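Biologist: Before we discuss any single feature, could you show me the model and take me through how you would read it?

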Amino acid sequence: MNAPADTDLDADGRVSQQLVDAYRQDGFVRVRGVLDQGEIERFRAAAEDYLETHRAESLETGATFSQLVNVWRRDPTLRDLTLDRRLGRIAERLAGFPLRLWHDQMLVKEPHSDTATEFHQDRPYWPHAGDRLPLSAWIALVDVPPERGCMTFLPGTQHRTGLRSQDLHDAEDLFAADPSLRWAPRVTLPLRAGDCTFHSGYTGHMALPNRTGTARLAHVTIYIDADTAYSGAAHPVTDGLGLTPGSRLDGEDFPRPWA
Ligand SMILES: O=C(O)CCC(=O)C(=O)O
């Protein structure tokens, strides 16, 4: 990848210590310009084609978004994005420890929708054990202003572990699980195409509805502690892999090409 002009990356593709500190303090950070114009166009075209062919396979069947998981296994262009070494190294620098891929997903909010992705944390959904804080790179493949469904974060909530999993279709559920979060500050981060946010698996977040006439195309790469073990709980990514509870999530299903 080549760095675009308007970027938070230095010439070596690294983020500043200031952004690392912001991620560690808040549990999320925006990194502008992780993709250049050529990459944006290449990955957007591949994402549009993939969506056209695979929309019916969405794990989410409601109006919140189309959710196509593990596209890296099936599309060689999107595989380049998911396994991108520069993004993986940025994620490792933010996390502060070695990471591997958990899974990727295309999250598409169709045009003219009134449906938000409601506040939730990610980590309670996952069948993981013995892990340090995972994180997601949410990469905008189109401009994502608030009215097209950018995300809002609750700073500092990465420390709020131990909650039950929350229903991302229910605007009240995270606050029912922890009423103290209801009055927490909220930070909404619009993204230009090619920008990215990183958020931790416990950071409370939501995404606004897409009220525009253009689909909101996001590619999300989720990174986990390289030592994460399988908890034994059911999950679409691990079901059918024949994993033993307590075994490490590693091998070709959970690669770390940036190592
Ligand atoms: O893009 C969305 O609508 C929600 C994204 C999200 O919850 C996530 O990436 O963890």
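Modeller: We will go through a helix, a strand and the ligand shell in turn, keeping in mind that this is a predicted model.

Biologist: What span should the 18 residues of helix 2 have, and what separates its end C-alpha atoms?

Modeller: The expected span follows from a rise of 1.5 Å a residue, so helix 2 (residues 37-54) should span 26 Å, and its end C-alpha atoms, 25 Å apart, agree with that.

Biologist: Which residues of helix 2 are buried, and which are exposed?

Modeller: Burial is read from how many other C-beta atoms lie within 10 Å of a residue's own, 20 or more making it buried. In helix 2 this holds for E39, I40, F43, A46, A47 and Y50. Viewed down the axis, these buried residues fall within an arc of 145°, so they line one face of the helix. Q37, G38, A45, E52 and T53, on the other side of helix 2, are exposed.

Biologist: What do the buried residues of helix 2 pack against?

Modeller: Their partners are strand 2 (66-69), helix 3 (76-82), strand 3 (99-109) and strand 11 (216-225).

Biologist: How is strand 6 placed with respect to the rest of the structure?

Modeller: Strand 6 is largely enclosed by the rest of the structure, because 6 of its 6 residues are buried. L135, A137 and I139 point one way, while S136, W138 and A140 point the other way. Strand 6 runs antiparallel to strand 9, with 5 bridges, and antiparallel to strand 11, with 6 bridges; S136 stands opposite I222 in strand 11.

Biologist: Which residues surround the ligand?

Modeller: Among them are S136, W138, H205, A207, A218 and V220. Strand 6, strand 10 (205-207) and strand 11 each give two or more residues to this shell, which by class has 6 nonpolar, 3 polar and 1 charged residues.

Conventions: Residues numbered from 1 in each chain as written. Predicted model: local features only at pLDDT ≥ 70, side-chain atom pairs only at ≥ 80, totals over all residues. Helix = DSSP H or I, 4+ residues; strand = E, 2+ residues; numbered from the N terminus. Expected span 1.5 Å × (residues − 1). Buried ≥ 20, exposed ≤ 12 C-beta atoms within 10 Å, placed from the backbone. Arc of directions from axis to C-beta. Contact = placed C-beta atoms within 7 Å. Near = placed C-beta within 6 Å. Nonpolar A, V, L, I, M, F, W, Y, C, P; charged D, E, K, R; others polar. Pairing = 2+ DSSP bridges.
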